[in-house]
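Got your viewer open and a selection box ready? Load the model and follow along, one stop at a time.

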Amino acid sequence: MTTPSRIEWRQVLVPSAVSLIFFTVITGLLYPALITGIAQMVFPHQANGSLLIGEQGTVVGSDLIGQQFSDPAYFWGRLSATSPTPYNAAASSGSNYGPLNPVLIGPEGIIQGRITALHAADAAAGVDTTQPIPVDLVTASASGLDPHISPAAAQYQVARIAVLRDVDTVTLQKLIDQYTEGRTLGVLGEPRVNVLGLNRALDEQFPRPSSPKP
Amino acid sequence: MTGIGILQLVIYMAVLILLARPLGTYIANVYEGKSAVNRFFGPMERMIYRVFGTREDIEMNWKTYALAFMVFNVLGLLVVFALQRAQTSLPLNQGIQFLTTTMTPDSAFNTATSFATNTNWQGYGGEMTMTYLTQMLGLTVQNFVSAACGMAVLVALIRSLARRTAQTIGNFWVDITRSTLYILLPLSILLALILVSQGVVQTFNTYTTAQIVDPTGIVTEQTIAVGPAASQIAIKQLGTNGGGFFNANSAHPFENPTPLTNFVQSLSILLIPAALCYTFGKMVGDTRQGWAVLAAMTVIFVALLAGVCLAEQAGNPAIERLGIDQTASALQSGGNMEGKEVRNGIVYSALWAAATTAASNGSVNSMHDSYTPLGGLVPMLLMQFGEVIYGGVGSGLYGMLIFAIIAVFIAGLMVGRTPEYLGKKIEAYEMKMASLVILIPPVVVLVGTAAAIVSAGGLATIWNTTPAAHGFSEVLYAFSSAGNNNGSAFAGLGANTPFYNTALGFAMFFARYWLAIPTLAIAGSLVGKKIVPTSEGTLPTHTTLFIAMLIGVVIIIGALAFFPALALGPIVEHFATIGG
């Protein structure tokens with residue numbers, strides 16, 4: 001039996017080693033294996049990354065992972081700070097710029113660069129460049145892989161896309177609504193537009209008049 | 001703040017508080033061996049103890065208990081270290097060609113310490129550094145057992161308050177086994193399956209390469225990292241661990257794809273720490289004591305949560321000046337969106353930031369480094385309180401109970417009576433140990449920060465150097481996080497360097513064990529005392545007056561030491577922001 005102040009080494013050394021092996025097997029092997037087994041059986045699509053398969057049977061992306069869009073005839077997504085290239089889904093990352101960092105907010109900064117690019121694209125398409133730009137369109141997401149923009153950010157781009165795709169804005173707004181998810185149960189989270197889904201639908205329904213798809 | 005934003009916060013708090021009683025009752029029954037699962041699995045449980053070389057009825061004095069805790073932790077630390085160093089030549093290393101960050105000895109030491117101490121600070125990026133095997137056998141295992149160890153120390157302290165003139169505080173092996181198998185594991189299985197159903201990945205397949213839709217830019221392909229993530233994420237939240245499977249942690253769409261996953265994960269962060277308050281009340285035979293502690297935590301939490309929400313929703317004045325629309329509306333969350341995800345918006349990002357730093361969780365769904373100065377001050381402050389506002393599983397409440405002991409001591413000094421807590425006399429020995437518990441974190445944090453900003457190694461990897469106050473905040477945040485076992489970061493600090501890996505590794509080690517061991521010493525002393533019957537002169541510790549007293553002590557003793565440092569960092573930066 002235990003005495004008040006003596007250390008019982010027998011209760012320390014062997015149990016430490018044996019219990020660590022035991023917990024490693026249970027929580028490090030059996031538990032992930034069990035979850036993987038059930039996940040692959042019941043939710044195979046989600047468990048493998050919600051992958052999107054294109055017409056030729058190749059993977060074109062994931063429903064949950066954003067992609068870089070640079071062509072003005074597509075809706076643009078959030079800025080991405082992943083390295084070495086944007087939307088690198090093997091190296092997620094935010095910008096981690098402080099709120100006053102000149103690289104972010106300075107006259108030569110990233111935000112100003114994005115504003116200039118948006119205005120240039122708008123001007124080239126001949127649409128109004130004076131509406132205020134929604135904040136999520138000029139800031140980098142936390143993961144660098146954000147698949148969404150706000151409905152406001154989508155609306156901002158409607159005029160430009162309508163001109164470049166030769167489609168009227170009402171039809172385009174309807175398409176945006178289709179790719180807009182509301183708050184869960186009407187309360188949780190934020191309304192959002194899936195950029196990749198929306199752009200694939202654009203290509204399908206309103207292919208660009210000038211440049212046929214390769 | 002919009003109405004729907006406030007509603008989201010109210011729902012969160014309501015669900016959290018409503019679950020405290022049923023879960024807390026279950027946990028108390030588990031530790032006392034009275035629940036249905038104890039009866040059902042009893043024979044199997046006893047067999048496990050035989051294999052371990054112990055028995056349920058072999059009890060330990062505090063020294064044996066503390067030694068078991070230490071040896072088990074150090075052993076775990078060594079295993080994680082070895083696994084990381086050998087990972088490339090072990091099985092389950094698919095995707096190895098994508099691991100671009102070398103696993104250096106200092107990074108392996110830092111990570112091993114980090115996961116064994118329940119800190120889960122990450123100097124590395126998950127998908128670029130770790131094989132699946134390391135994530136499972138090393139990190140997931142420590143996620144479970146480090147949490148179980150915290151709960152074990154807590155339950156030992158509770159026993160010392162509940163028992164009279166006894167000599168033992170329980171059996172460490174029984175306590176960690178019950179914590180893991182009956183509490184953490186079932187909740188993790190449930191949470192992991194919810195997460196997978198929403199899109200969190202759980203696969204042993206290697207990374208996929210996609211041909212992207214718009215190849216007109218500089219990239220034409222996208223390599224998509226996957227892995228057995230859901231199983232690890234479930235326990236990282238429930239065990240207040242916080243170490244992400246991916247670099248971007250819970251901001252990554254594969255870790256946290258929908259508002260529902262965000263809700264259940266942020267709930268899981270505070271779930272067990274809040275429920276343990278009820279467990280405490282139940283085990284000491286007076287549930288009012290548990291509610292009082294929970295109330296003190298909740299008051300501080302709600303106040304700071306409101307602060308971070310308002311600061312972030314107000315947005316960044318510098319971005320406003322560029323003509324950008326940061327106003328909240330039905331079509332956008334607005335606010336300071338740099339380093340935040342659209343699906344989480346301001347409210348769910350701010351809620352997570354507060355919850356993850358109140359608990360010693362440290363996972364993030366937005367990048368704290370890009371918060372407004374006051375928005376970033378709140379998570380820093382919540383850590384500097386000593387991780388007792390809910391806090392880590394087990395460790396948060398044992399920290400808070402130490403503050404309660406100090407509160408009765410100060411109250412005793414005011415009225416000139418011998419202080420008692422729950423009928424146990426608080427004397428010189430308890431106060432010496434309690435002083436260690438409250439003094440070590442500020443020393444580690446402030447000395448560490450000071451050392452970093454006067455050394456070349458510390459200054460070399462501060463990426464945000466303009467304004468300098470922000471760079472200082474990054475370092476202060478790092479040591480506040482390590483020195484209180486949180487694990488979140490102002491990630492603009494390049495922390496995967498020999499300097500930070502070593503300094504922060506030691507900070508985490510001291511912060512965990514130099515607090516747990518004095519706590520067990522207090523338990524060893526209290527358990528031997530008789531329970532003084534309540535009299536006219538007893539200070540009741542379940543009243544509003546005591547709750548206010550406890551809040552005061554946490555703020556004055558826990559956080560005041562940090563105000564000069566905070567003034568140099570976020571507060572200076574705040575004035576710079578509004579000054580233009």
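The tour below starts where two chains meet and then visits some spots within them. Keep in mind that you are looking at a predicted model.

**Stop 1: where the chains meet**

Colour chain A and chain B separately, then select the residues of each that touch the other. You should pick up 126 residues from chain B and 110 residues from chain A. Together the two chains bury about 9300 Å² between them, with 68% of that coming from carbon and sulfur atoms. There are also 42 residue pairs in polar contact across this interface, counting pairs with both residues at pLDDT 80 or more. On the chain B side, go to helix α7, residues 172–198: with 13 residues, this helix gives the largest share of the surface of chain B that touches chain A. Sort that side of chain B by class and you get 65 nonpolar, 49 polar and 12 charged residues.

**Stop 2: a salt bridge across the interface**

How many salt bridges are there between chain B and chain A? The count is one. To see the pair, show the side chains of Asp146(A) and Arg343(B), which meet at 3.9 Å, N to O. Now add Glu341(B), whose side chain forms a salt bridge with Arg343(B) at 2.7 Å, N to O. Bring in Arg78(A) as well, and you have a network of salt bridges linking Arg78(A), Asp146(A), Glu341(B) and Arg343(B). Are Glu341(B) and Arg343(B) buried or exposed? Glu341(B) counts as buried because its relative accessibility is 0%, and Arg343(B) counts as buried at 0% too.

**Stop 3: strands shared between chains**

Switch to a cartoon view and select residues 133–134 of chain A and residues 324–325 of chain B. Each stretch is a strand called β3 in its own chain, and the two run parallel, joined by two bridges. Pick Ile133(A) and look for its bridge partner in β3(B): that is Ile324(B).

**Stop 4: a strand pair inside chain B**

Next, select residues 208–211 of chain B, which make up strand β1, and residues 221–224, which make up strand β2; four bridges join these antiparallel strands. One of the residues to click is Thr208(B), whose bridge partner in β2(B) is Ile224(B). Turn β1(B) around and compare its faces: Thr208(B) and Ala210(B) are on the covered one, Thr209(B) and Gln211(B) on the uncovered one. That fits a general pattern, since side chains in a regular strand alternate between the two faces of the sheet.

**Stop 5: a loop residue**

Move to Glu32(B), in the loop between α1 (3–31) and α2 (36–52) of chain B. Glu32(B) counts as partly exposed because its relative accessibility is 35%. Its side chain makes a polar contact of 3.1 Å with that of Lys34(B). Beyond neighbours within four places in sequence, Glu32(B) is in contact with Arg178(B) and Met283(B).

**Stop 6: two more salt bridges**

Over all chains there are 19 salt bridges. One of them pairs Arg10(A) with Glu8(A), with the closest N and O atoms 3.9 Å apart. Arg10(A) is exposed at 66% relative accessibility, whereas Glu8(A) is buried at 14%. Finish with Asp57(B) and Arg55(B), whose closest N and O atoms are 3.0 Å apart; Arg55(B) counts as partly exposed, at 48%.

How values were computed:
Residues are numbered from 1 along each chain as its sequence is written. Chains are lettered from A and ligands numbered from 1 in the order in which they are written. This is a predicted model: local features need pLDDT of at least 70, side-chain atom pairs count only at pLDDT 80 or more; totals for chains, interfaces and linings use all residues. Side-chain values use heavy atoms; hydrogens and water are left out. Contact means heavy atoms within 4.5 Å. Buried area is the accessible area (1.4 Å probe) that two parts lose on being put together, summed over both. A salt bridge is a side-chain nitrogen of Lys or Arg within 4 Å of a carboxyl oxygen of Asp or Glu. A polar contact is a pair of N or O atoms within 3.5 Å; within protein, one must be able to donate a hydrogen and the other to accept it, and residues adjacent in sequence count only if both atoms are side-chain atoms. Ala, Val, Leu, Ile, Met, Phe, Trp, Tyr, Cys and Pro count as nonpolar, Asp, Glu, Lys and Arg as charged, and the others, Gly among them, as polar. Two strands pair if DSSP finds at least two bridges between them. Buried means under 20% relative accessible area, exposed over 50%, partly exposed in between (1.4 Å probe, protein chains only).
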